[in-house]
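Load the model in your viewer and keep the sequence panel open beside it. The tour goes from one selection to the next.

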Amino acid sequence: MKILIVEDDQYVAKVVSLILAHQNYVTEIAYDGEEAWEFIKIFDYDLILLDITLPKLDGISLCKQIRSNGLQIPIMLLTARNCPHEKAVALDAGADDYMVKPFDEEELTARIRALLRRGKIKSLPILKYGFLQLDPRRYEVTYKKQLISLTPKEYALLELFLRNTHRIFSCRMILEHLWSYEDTPTEEAVRTHIKGLRMKLRNAGVPRNTIETVYGIGYRLNPIVKSTG
């Protein structure tokens, strides 16, 4: 899942990004409202963390702009001021939640999970492909009920494939889904992570060709494997 952090304080933005990375979320950071709007027009996000006090375009105005364009992305507004009137204005602008800084890490991540459940992802069903299962609530991957230990990027890769079982992903598409705009590595990094994921799946007993290379195009889940194992 991909979250846009809109925060002009670089230190706060980096701390929040690190917290979310530990929860297996992919994040991007915009440091002003106009930059955030450009990102929103280009990329798909599952949730937006939006500071109210921003340069160029403030958080309330950006929130209204997002809603006026028909976008229903869950939005959590962040502010340093604990003011009931400001909270009311934020919610009236279309925000789904409101949190005062400094915030508790555990509460922040719990509220994010709640917003994602209420947003376009109404539920988080276990993703299955043959005997291979990924549980988004527990962040666990199993094969024939045996736990498979994956790195955050390997987990995100597998989740991407399991949520799009009939789709072929090029390296460039994978980079856009799983890496932030400012931290995009080379396509070789994608191939390295896929190699590592394949090795761990194979060591757990998952059929060797579960993640199939479609030469000249990209990668997908092998449809034959789903019916056999």
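Begin at the interface of domain 1 and domain 2, where three residue pairs are in polar contact, both members at pLDDT 80 or more; the model is a predicted one. On the domain 1 side, select strand β2, residues 26-30: four residues of this strand make up the largest share of the side that touches domain 2. Salt bridges across this interface number zero. The area buried between domain 1 and domain 2 is about 990 Å², and carbon and sulfur atoms give 52% of it.

Next, colour the two domains separately: domain 1 covers 2-119 and domain 2 covers 127-221. Their contact takes 13 residues from domain 1 and 11 residues from domain 2. Taken over C-alpha atoms, the centres of domain 1 and domain 2 are 28 Å apart.

Now move into domain 2, residues 127-221, and show the strands β6, β7, β8 and β9. They form an open sheet in the order β6-β7-β8-β9, with antiparallel pairing. Which strands stand at the edges? They are β6 (127-129) and β9 (146-148); each has a single partner strand, so one side of each is left without a neighbour in the sheet. On average, neighbouring strands of this sheet are turned by 25° against each other, direction ignored.

Select residues 132-135 (β7) and 140-143 (β8): four bridges join these antiparallel strands. Within this pair, D135 stands opposite E140 of β8.

Last, add residues 152-163, helix α6, which lies across β6, β7 and β8. Helix α6 runs at about 110° to β7.

Note on methods
Residues numbered from 1 in each chain as written. Predicted model: local features only at pLDDT ≥ 70, side-chain atom pairs only at ≥ 80, totals over all residues. Heavy atoms only, no water. Pairing = 2+ DSSP bridges. Helix = DSSP H or I, 4+ residues; strand = E, 2+ residues; numbered from the N terminus. Axes fitted to C-alpha atoms, helices over the stretch in contact; angles between N-to-C directions. Contact = heavy atoms within 4.5 Å. Domains from an automatic or database assignment. Buried area = accessible area lost by both parts, 1.4 Å probe. Salt bridge = Lys/Arg side-chain N within 4 Å of Asp/Glu carboxyl O. Polar contact = N/O pair within 3.5 Å; in protein donor to acceptor, adjacent residues only side chain to side chain.
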